[in-house]
Amino acid sequence: MPAKTSKKKNGTLYYGTGRRKEAIARVRLAPGKGAFVVNGKDALAYFGRQQLVDTALAPFKVTDTQKQYDVIVTCTGGGISGQAGAVRLGISRALLDAGDYRHDLKHAGFLTRDARAVERKKYGLKKARKRPQFSKR
């Protein structure tokens, strides 16, 4: 299913939704100078680590489109690492509509949702796999 596109006075908006673990990111791309805003804050101020910002912006490096789009993101759920991964998927999906970047994004593995999630706790165990200490006597 292609990403949603809408027209505005000053250009086109491209939409993409990304999910990872419990995090959901709704991404809007607009032609611009490279501003990156997450939940109303600057990306570095929101994520707190440059590594997470770089993870989220990786699709732009792969497609060589840095500083061409302004990114506006709304994130909910999960932690900051999961949200950064969700933003990366959302940006990748929005870039599919913005141009012919499918091959580059697919080759980098950015169009695949990371299906890993936390394993549930089982009864009789302390955590998902940790067992109570065994005592022979």
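How many salt bridges does the count come to? The count comes to 4 salt bridges, a salt bridge being a side-chain nitrogen of Lys or Arg within 4 Å of a carboxyl oxygen of Asp or Glu. The model on display is predicted, so local features need pLDDT of at least 70 and side-chain atom pairs count only at pLDDT 80 or more, whereas totals for chains, interfaces and linings use all residues. Residues are numbered from 1 along each chain as its sequence is written, and side-chain values use heavy atoms, with hydrogens and water left out.

**Stop 1: the salt bridges**

Select Asp 114 and Arg 20, whose side chains form a salt bridge with an N to O distance of 3.0 Å. Asp 114 lies in the segment after helix H4 (102–108) and Arg 20 in strand E2 (residues 11–20), so the pair ties together parts that are 94 residues apart in sequence. Helices (H or I, at least four residues) and strands (E, at least two) are DSSP runs, numbered from the N terminus. Arg 20 is buried at 14% relative accessibility, and Asp 114 is partly exposed at 22%. Here buried means under 20% relative accessible area, exposed over 50%, and partly exposed in between (1.4 Å probe, protein chains only).

Add Arg 116 to the selection. Its closest N and O atoms to Asp 114 are 2.8 Å apart, in a further salt bridge, and Arg 116 is exposed at 57% relative accessibility. Arg 20, Asp 114 and Arg 116 are thereby linked in a network of salt bridges.

Move next to Glu 119 and Arg 129, which meet in a salt bridge at 3.1 Å, N to O. Both residues are in the segment after H4, 10 residues apart. Glu 119 is partly exposed, with a relative accessible area of 37%, while Arg 129 is exposed at 64%.

**Stop 2: strand E6**

Select residues 69–76, strand E6. In a regular strand the side chains alternate between the two faces of the sheet. The covered face of E6 carries Tyr 69, Val 71, Val 73 and Cys 75, and the uncovered one Asp 70, Ile 72, Thr 74 and Thr 76.

Now show the partners of E6; two strands pair if DSSP finds at least two bridges between them. Strand E3 (residues 23–31) pairs with E6 in the antiparallel sense over 8 bridges, and Leu 29 stands opposite Val 71. Strand E4 (residues 36–38) runs parallel to E6, joined by 3 bridges, with Val 38 opposite Val 73.

**Stop 3: the aromatic rings**

The whole structure holds 3 aromatic pairs. Rings of Phe, Tyr and Trp (its six-membered ring) pair if their centres lie within 6.5 Å; planes under 30 degrees apart count as stacked, over 60 as edge-to-face and the rest as tilted. Select Tyr 14 and Tyr 69, an edge-to-face pair at 6.3 Å centre to centre, with 85 degrees between the planes. Tyr 14 in strand E2 and Tyr 69 in strand E6 are 55 residues apart, and both are buried. Adding Phe 60 displays a cluster of Tyr 14, Phe 60 and Tyr 69 linked by ring pairs.

**Stop 4: Thr 63**

Finish at Thr 63 in helix H2 (residues 50–63), which is buried at 8% relative accessibility. The side chain of Thr 63 reaches the backbone oxygen of Pro 59 at 2.8 Å. Leaving aside neighbours within four places in sequence, Thr 63 is in contact (heavy atoms within 4.5 Å) with Leu 95, Tyr 101, Asp 104 and Leu 105.

How values were computed:
Polar contact = N/O pair within 3.5 Å; in protein donor to acceptor, adjacent residues only side chain to side chain.
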